[in-house]
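Hi,

Here is the structure I promised to pass on. Have a look at it first, then read my notes underneath.

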Amino acid sequence: MDPDQLPVDELLQDARDARLHAYAPYSRFQVGAVVLTRDGRRFPGCNVENAAYGLCNCAERTALFAAIAAGCRPGDFTALAVVADTSAPVSPCGACRQVMAELCDAAMPVLLGHLGHQVQHATVGGLLPGSFRLPDATE
Ligand code: THU
């Protein structure tokens with residue numbers, strides 16, 4: 001999708017709505033995300049924490065995993081938006097960047113937002129140049 005055609009405000013609002021579903025009793029840091037598919041579907045995600053901290057799942061991965069579980073495949077996605085209560089647009093963690101690199105095209109836009117009005121337009125490839133890939137990965 002042409003980045004100029006992206007429903008930026010709608011995606012950021014969806015991510016803000018998803019953030020309200022965060023289960024974050026340990027960090028108290030709520031994050032929301034949404035991934036948009038080529039056929040116009042939107043899959044929301046929020047962070048889901050666990051008393052075993054290493055099991056915490058970020059909002060971005062929740063959204064992407066929900067889309068995969070619903071039948072989407074790599075290449076089906078056109079944009080991802082993420083929002084948190086930060087003073088500047090939130091920056092996705094390294095694990096989420098690696099998962100985006102696996103499932104999304106390098107040129108895919110990633111909208112970084114917060115509860116304020118700033119938006120940073122990134123791309124999957126720009127967020128993680130040189131991501132890890134197996135040479136012969138097949139679906
Ligand atoms: N978190 C996300 O959901 N996305 C990010 O990009 C960064 C961090 C979550 C994980 C954890 O539940 C909380 O924020 C604090 O790290």
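Below is what I found, starting with the ligand.

Before that, the small print: this is a predicted model, so local features need pLDDT of at least 70 and side-chain atom pairs count only at pLDDT 80 or more, while totals for chains, interfaces and linings use all residues. Numbering runs from 1 along each chain as its sequence is written, and side-chain values use heavy atoms, with hydrogens and water left out.

The ligand takes up the space of the largest pocket. Around the ligand (a heavy atom within 4 Å) you'll find Ser27, Phe29, Val31, Asn47, Glu49, Cys58, Ala59, Glu60, Pro92 and Cys93. Three side chains put a polar atom (N or O) by a ligand oxygen: Glu49 at 2.5 Å, Glu60 at 2.6 Å and Asn47 at 2.9 Å. On its own the ligand exposes 370 Å² (Shrake-Rupley, 1.4 Å probe), and the protein buries 79% of that.

Next, helix α3, residues 94-103 (helices are DSSP runs of H or I, at least four residues; strands are runs of E, at least two; both numbered from the N terminus). Its buried residues (under 20% relative accessible area, 1.4 Å probe, protein chains only) are Cys96, Arg97, Val99, Met100, Ala101 and Leu103. Their cover includes α2 (59-69), β3 (77-84), β4 (109-114) and α4 (124-127), going by contacts with heavy atoms within 4.5 Å.

One backbone oddity: Arg28 has a positive phi of about 60° although it is not a glycine. Arg28 sits in the loop between α1 (8-19) and β1 (31-37), and is exposed (over 50%) at 68% relative accessible area.

Cheers

Methods: A polar contact is a pair of N or O atoms within 3.5 Å; within protein, one must be able to donate a hydrogen and the other to accept it, and residues adjacent in sequence count only if both atoms are side-chain atoms. On a 1 Å grid over the protein atoms alone, a cavity is a set of points where a 1.4 Å probe fits but cannot get out, and a pocket is an open set with protein on both sides within 12 Å along at least five of seven lines; lining residues have an atom within 4 Å of a point. A molecule sits in a cavity or pocket if more than half of its atoms lie within 2 Å of its grid points.
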